[in-house]
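The exercises below ask you to work through one model step by step, with the sequence and the coordinates side by side. Try each task before reading its solution.

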Amino acid sequence: MPGRADPLATYRRMRRFEATPEPAGDEARPGAEPGGRFVVQRHRATRLHYDFRLEVDGVLASWAVPKGPTLDPDVRRQAIHVEDHPIEYFEFEGVIPKGEYGGGDVIVWDWGHWRPAKAKDADAAKAIAKGELHFDLHGERLQGRFALVRTDRSAPRSGKEQWLLLHKHDEFAVPGWDAEDIPQSVKSGRTNDEVAAEPSSLWRSDLPADKAEQQLRVEVPTWEPPTEDELAALDALGGKEGEWALQDRVLRLTNLDKVLFPGRAGEDPVTKRDLVRYAAQIGPWLLPYLWDRPLNLHRYPNGVGKPGFWHKEVPSHAPEWLNRWHNDDADPDETQWYFVADSVPALAWLANYGAIELHPWTSSVRDSHEPTWALIDVDPGPKTSWDELLLLARLYRTALDHMGVEGQPKVTGQRGIQVWVPIAGGCSFDDTRAWVETISRAIGRTVPELVSWEWTKSDRKGLARLDYTQNARNKTLVAPFSPRPAAGAPVSVPIEWDELDDPDLRPDRWTTRTVFDRLAERGDPLRPVIGRQQRLPSL
Ligand code: MN
């Protein structure tokens with residue numbers, strides 16, 4: 001089968017396995033127990049059936065079970081032995097295009113691990129060839145001892161042998177149990193109808209297995225905020241240092257009463273404790289922009305009154321549970337391991353580390369060479385007035401509207417406005433940079449008196465810069481909801497386009513103290529477009 005040299009490579013690259021509990025694939029753990037993963041997919045093709053698949057020797061041995069597996073020990077289900085499926089298909093949930101083999105919709109109806117029941121079942125491939133396999137399932141729905149037994153091999157050449165799937169009489173047996181009574185996916189909670197209406201993936205069975213899954217939408221996880229008790233425990237810690245239990249982690253926090261940001265007029269300064277609290281509370285809003293990306297930090301461990309510095313390499317003292325990603329393209333003297341902030345405790349740890357600004361890459365760890373955002377950065381010069389900045393932002397709105405491209409503005413927390421445009425996979429950084437440059441130069445031509453294209457600040461004569469150059473690998477803009485290094489701890493906040501007309505709008509209007517009221521009222525207008533697979537029109 002093409003493309004099967006290392007089918008789990010991408011998945012592996014995303015996680016460092018010594019730090020996470022997930023299995024790393026059998027090759028990565030020699031001496032692993034016999035058995036492997038299993039999955040049952042509810043598949044509405046020409047006829048509804050359940051695909052029952054056992055991981056055997058690096059492929060998915062598969063049977064189509066028209067009525068679905070059952071826990072009822074008095075029922076035998078017909079099971080048609082079908083082609084082995086590639087391991088990449090294991091988690092697939094989505095749509096197979098009409099006209100292709102198996103065209104229809106698929107949900108992950110159950111998954112877990114299987115173990116051979118007896119010694120003779122340990123060599124599962126051999127047992128299957130002999131026509132009988134007994135095994136235990138540890139799934140979310142299917143539990144207990146099952147057997148697959150061949151009844152008719154009259155058509156062995158097509159691979160469509162007739163088998164039976166049955167559950168033994170054991171403590172997990174449930175008379176009358178019917179798979180059709182539970183129609184939701186264990187992966188997404190969605191039904192086949194819901195997946196068919198809005199699929200997140202397509203499976204192109206005409207392509208090699210490692211290219212067959214076409215992602216239509218990236219599923220963004222959700223996160224829980226800290227509890228009131230957890231926040232109270234943070235407030236109760238002494239000023240020097242202490243241990244804070246947050247969700248499933250224990251954090252060692254230091255210098256909690258240190259002032260990191262001077263206050264705005266009439267306001268208290270912002271301490272490290274305040275920043276840690278903010279990092280934990282903003283987690284559910286901020287993590288959707290960080291969870292699958294390398295992260296560059298701008299640290300101010302001695303407060304924003306002192307110069308900050310860029311920090312990228314995960315330090316050796318960082319706890320093992322912090323997720324990270326290795327840049328395989330790095331030269332030996334460049335950063336090797338980058339943070340991937342994917343949990344609320346990770347954000348709290350970074351705050352304690354003095355990371356004020358969080359700058360995620362515009363590409364994900366799935367493919368660090370493919371941007372998923374095109375970024376427009378309207379960077380005002382010293383002479384650019386607020387009204388002029390708004391005018392420039394509105395020109396981008398008009399340009400995007402004209403092209404039918406969706407993007408959302410955000411204020412930076414300092415002086416600027418950015419526009420984030422979600423894009424489909426398959427674009428290079430050269431593509432996004434050229435695209436943003438072309439639009440920006442067109443806008444610059446309509447208001448040449450406001451814009452400079454000079455590289456060096458001193459040559460710009462105080463004019464605005466329409467910066468397209470951050471559309472590059474390892475170049476970044478500040479994340480939504482990241483604090484900025486200024487008095488009062490202002491934060492970058494996504495806004496609606498119409499808010500450009502709000503007379504109270506300012507780029508540094510919201511701070512770590514006030515942004516939660518804003519979120520309660522308006523939510524995050526950028527969030528619905530995260531992961532949208534938008535193709536940039538040619539210009
Ligand atoms: Mn099928």
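**Exercise 1. Decide how far helix 7 is enclosed, and identify what covers it.**

Solution. Begin with burial, where buried means under 20% relative accessible area, exposed means over 50%, and partly exposed lies in between, with a 1.4 Å probe and protein chains only. Nine of the nine residues of helix 7 are buried, so this helix is largely enclosed by the rest of the structure. The buried residues are Val344, Pro345, Ala346, Leu347, Ala348, Trp349, Leu350, Ala351 and Asn352. Helices (H or I, at least four residues) and strands (E, at least two) are DSSP runs numbered from the N terminus. Next, look at the cover, which includes helix 6, strand 12 (241–246), strand 13 (249–254), strand 16 (295–299), strand 19 (337–339) and strand 20 (355–360).

Before going further, note that this is a predicted model, in which local features need pLDDT of at least 70 and side-chain atom pairs count only at pLDDT 80 or more, while totals for chains, interfaces and linings use all residues. Residues are numbered from 1 along each chain as its sequence is written, and side-chain values use heavy atoms, with hydrogens and water left out.

**Exercise 2. Describe how helix 6 and helix 7 cross, and list the residues that make the contact.**

Solution. Two packed helices are described by the angle between their axes and the distance between the axes. Axes here are lines fitted to C-alpha atoms, for helices over the stretch in contact, and angles run from 0 to 180 degrees between N-to-C directions. The axes of helix 6 (residues 272–286) and helix 7 (residues 344–352) come within 8 Å and cross at roughly 150 degrees. That makes helix 6 roughly antiparallel to helix 7, given that angles under 35 degrees count as roughly parallel, over 145 as roughly antiparallel, 65 to 115 as roughly perpendicular and the rest as oblique. The crossing is right-handed; a crossing has this hand if the near helix is turned clockwise from the far one by less than a right angle, and is left-handed if anticlockwise. With contact meaning heavy atoms within 4.5 Å, helix 6 contributes Lys272, Leu275, Val276, Ala279, Ala280, Gly283 and Leu286, and helix 7 contributes Val344, Leu347, Ala348, Ala351 and Asn352.

**Exercise 3. Place strand 20 beside its partner strand 16.**

Solution. Two strands pair if DSSP finds at least two bridges between them. Strand 16 and strand 20 pair in the antiparallel sense over five bridges, and among the bridged residues, asparagine 296 has histidine 359 in strand 20 as its partner. Six of the six residues of strand 20 are buried, so this strand, too, is largely enclosed by the rest of the structure.

**Exercise 4. Work out the strand order of the five-stranded open sheet, and find the helices that pack on it.**

Solution. The order is 26-23-25-24-27, with antiparallel pairing. Strand 26 (465–467) and strand 27 (493–494) are the edge strands, each pairing on one side only. Strand 24 (residues 408–411) is joined to strand 27 by two bridges, and valine 411 has valine 493 as its bridge partner in strand 27. Helix 8 (residues 386–403) lies across strand 23 (373–379), strand 25 (417–422) and strand 26, running at about 15 degrees to strand 25. Helix 9 (residues 429–446) also packs on the sheet, where it touches strand 23 and strand 26 and makes about 35 degrees with the direction of strand 23.

Turn last to the two helices themselves. The axes of helix 8 and helix 9 come within 10 Å and cross at roughly 125 degrees, which makes helix 8 oblique to helix 9. Their contact includes Leu392, Tyr396 and Met403 of helix 8, and Trp435 and Ile443 of helix 9.

**Exercise 5. Name the donors of the manganese ion and state whether His43 and Asp51 are buried or exposed.**

Solution. Donors are N, O and S atoms within 2.8 Å of the metal (3.2 Å for Na, K and Ca), and water is not among the atoms, so sites may look incomplete. The manganese ion is coordinated by His43 (ND1), His49 (NE2) and Asp51, the last listed twice through OD, at 2.1 to 2.8 Å. In sequence these donor residues are spaced H-x5-H-x1-D. Histidine 43 counts as buried at 6% relative accessibility, and aspartate 51 is buried with a relative accessible area of 5%.
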